[in-house]
Structure formats: structure tokens, C-alpha cells
Amino acid sequence: MSVVATNQRINKSFKNAVKLFFAAALAANALSAFLAHAQGTTKMTEQPKALTTDKSVPGYWRVTLNNPPINAITDRMYDEFYDLVGEIEADQSLKIVTFESANPDFFIAHYSSAEPRSRFGVPRWIEAADRLSKSSVLSIAVIRGRVRGGGSEFTMGSDIRFASREKAIFGQPEVATGLIPGGGALDRLPLLVGRARAIEIILGADDYDADTAERYGWINRAIPDAELDAFVANYVRRVLSFDKQALSTAKAAINRTGLADPAQLKAVQDTFFKSFAWDGAKKRIPVLIQRGIGKPGEFELNLGRNVGNLVSDSK
């Protein structure tokens, strides 16, 4: 066999190995170091559920997100969300589900690769979020605290976003870390804010306050924090009083325009996995770890500002 043919076989084998590695393990060699040290490696059966659901009001489920210390979204949370969506679809009497955080500083900080890994290998977030958006149930994210990266993408998977004017902070910091957003921002954010502002947000990788997010269309409303709970409660009561058939039919009609293409979402997710092998990510991830990513403290609280100078001589 010629040297050229041998090299071609080696290159093909290497590319296949890289693809399988990142798809199956979510780039565990890089990303596990990214945040696993801050979350621990306890088995799923030994950990409390990160998503708890209050079903005490007929037709309304209130879901609380609680994954200390900074409410990072993990494979375990994605799996719980996947299961929750199945329950939502099965309950024909359900009209509304809201998502809120138990942590006042972080709605969802961002993605974390903390153990345990998803039971699916690759978390089925793209599928679950698409199913939720196409379900007959109205989903509402009630946002207090920081919501960045995969957390921001989680809220974009909801139909409506109401946020605390004083306490909500939004961001897509992935590009500053050498990666790309992989959970829907590259497809859903332009639909919400338009192409130019999506480019500003994603390529700039900075933090945005709730008033700016409202003005851009990232969220529906920025509401004074003291009024947020009452506003949401009133909105929920109002929608609950309406007929389920009318609600679901209206939502289905609106869904004919404005939803992201699931195939494109999946393609971007695949590229996201591969981005952990890029030189920029390899250069920046160790710096993130050294500076305190995944841990409570100044670096996470001011992540948008702090990722702006990870590698001063980057090109």
C-alpha cells in the first residue's frame, strides 16, 4: 500500500475517532475538567432531583431548578427535563408550566459536564426542547439571576420569558472560551432578536441586563423584582381560566412560523461537540478552570466581563 493511501486511511480513522469521542462522551477529556471538579462525581441515584415539580394547582405545574452550587445545567438535569417533557405531553389537562430557580444569583449558570453522564450518551436536549415548544402546553421561564450559555438556551426553549429587571443577567459567553453555542442559541436567538443583534450578542460574548434583553426581544418583559411573582401569578391565573382547546389550537397555529429547524439545531450541536478540539478552546479552558469557572465567586458572578480577557494575545 502506498504512503499516500496509508496516510489517507489514518486521517479517516482519526476523524472518525474524534467524531465518535465527542458525540459519545461530550468531549469529556476537556469539558469534564471544565466543571466536574466543582460539581462532584456522585452517582445519579445518590443525588436529589434537580427539577422538582409542584402540581398542586390543576392545569398548572411549577418547576423549580435546583442544582447547587451555581445551578449549572448538567447531563442529569437534561435527562430530568427530557422525562418531564414526556410527562407534560401525557397530561391532557395541563395548560401551563413555569420554570424558576431556587438560587437567587443563578437561574442557570451555564452547561456543566459534571457526572453522571446522560443515560442517552448525548443528552437529548434538542429533541426535548423541540417537543416542548410544539406541545399544547404554554411554557414560561421566570428568570432571576444569571442565565448564560446553556442556561440562556434553556430559557429560549420556553414559549415566554419574564425576567426580574434588577436581578436577571443574560449572556452567551461560548465564543470567548473558544467554543460555539450548541444548545440552540445560534438558531433561536436570531429568530428572537434579529440577525444583527444575535451577532452582537454571540460574537461579543458579554453580559446583558434585563432591560436591554427586553428591548432586543430576548425576553418578553423585564419586570421590577418586587412585582415579578405577582405578575406571573396573575398571568397564569388568566390563562388557566381559558379553554384548553382554544389555547392549544392558537399555539399550534403560531408555531407554523418562528420555530427553529430541529435538523439545523442538531447539526450545530454536533459542531459544538467538535469545538472542544479546536485550538482556541484548548488554550482557554485551562485558564477558565484556573480562574474559577463552575465555582461560586467573582469570576462566575461577572463572567461576561471576565471572559473578555482570558487570553490577552489571542488571535
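A salt bridge is counted here where a side-chain nitrogen of Lys or Arg lies within 4 Å of a carboxyl oxygen of Asp or Glu. One such contact joins the side chains of Asp225 and Lys167, with a nitrogen-to-oxygen distance of 3.4 Å. This pair links distant parts of the chain, since Asp225 belongs to helix α9 and Lys167 to the loop between β7 and β8 (169–171), 58 residues apart.

The structure is a predicted model, in which local features need pLDDT of at least 70 and side-chain atom pairs count only at pLDDT 80 or more, while totals for chains, interfaces and linings use all residues. Residues are numbered from 1 along each chain as its sequence is written, and side-chain values use heavy atoms, with hydrogens and water left out.

## The chain as a whole

The chain contains 14 helices and ten strands, where helices (H or I, at least four residues) and strands (E, at least two) are DSSP runs numbered from the N terminus. Of its 315 residues, 51% are buried; buried means under 20% relative accessible area, exposed means over 50%, and partly exposed is in between, with a 1.4 Å probe and protein chains only. The accessible surface of the chain comes to about 14700 Å², and 54% of this belongs to carbon and sulfur atoms; such areas come from the Shrake-Rupley method with a 1.4 Å probe, and for residues only the protein chains shown count as cover. Among contacts (heavy atoms within 4.5 Å) between residues at least 6 apart in sequence, 76% join residues at least 24 apart.

## The sheet and its helices

Strands of a sheet pair through backbone hydrogen bonds, either parallel or antiparallel. In this chain, six strands form an open sheet with mixed pairing, in the order β1-β2-β3-β5-β7-β10, and two strands are taken to pair if DSSP finds at least two bridges between them. The edge strands, each pairing on one side only, are β1 (51–57) and β10 (221–223). On average, neighbouring strands of this sheet are turned by 20° against each other, direction ignored; axes are lines fitted to C-alpha atoms, for helices over the stretch in contact, and angles run from 0 to 180 degrees between N-to-C directions.

Strand β2 (residues 60–65) and strand β3 (residues 96–101) run parallel and are joined by six bridges, and Trp61 stands opposite Val97 in β3. Helix α3 (residues 75–90) packs on the sheet, where it touches β1, β2 and β3, and its direction makes about 25° with that of β1. Helix α9 (residues 225–240) also packs on the sheet, touching β1, β2, β3, β5 (138–143), β7 (160–164) and β10, and its direction makes about 155° with that of β7.

## Charged pairs

Side chains of opposite charge can pair when their charged atoms come close. A search of the whole structure finds 18 salt bridges, and the table gives three of them.

| Pair | Closest N to O | Relative accessible area |
|---|---|---|
| Arg62 and Glu100 | 2.7 Å | Arg62 37%, Glu100 17% |
| Asp225 and Lys167 | 3.4 Å | Asp225 15%, Lys167 38% |
| Asp270 and Lys266 | 2.9 Å | Asp270 28%, Lys266 40% |

Because Arg62 lies in strand β2 and Glu100 in strand β3, their pair ties together parts that are 38 residues apart in sequence. Asp270 and Lys266 are four residues apart in helix α11 (residues 262–275), and therefore about one helical turn separates them. Salt bridges also link Glu89, Arg124, Glu127 and Arg131 in a network.

## Aromatic pairs

Rings of Phe, Tyr and Trp (its six-membered ring) pair if their centres lie within 6.5 Å; planes under 30 degrees apart count as stacked, over 60 as edge-to-face and the rest as tilted. By this rule there are 15 aromatic pairs. Phe81 and Phe99 form a tilted pair, 6.1 Å centre to centre with 50° between the planes, and this pair links Phe81 in helix α3 to Phe99 in strand β3, 18 residues apart. Both Phe81 and Phe99 are buried.

The pair of Phe162 and Tyr235 is edge-to-face, because the ring centres are 5.5 Å apart and the planes stand at 75°. Phe162 lies in strand β7 and Tyr235 in helix α9, so this pair ties together parts that are 73 residues apart in sequence. Phe162 is buried at 4% relative accessible area, whereas Tyr235 is partly exposed at 27%. Ring pairs also link Tyr78, Phe81, Phe99, Tyr111, Trp125 and Phe154 into a cluster.
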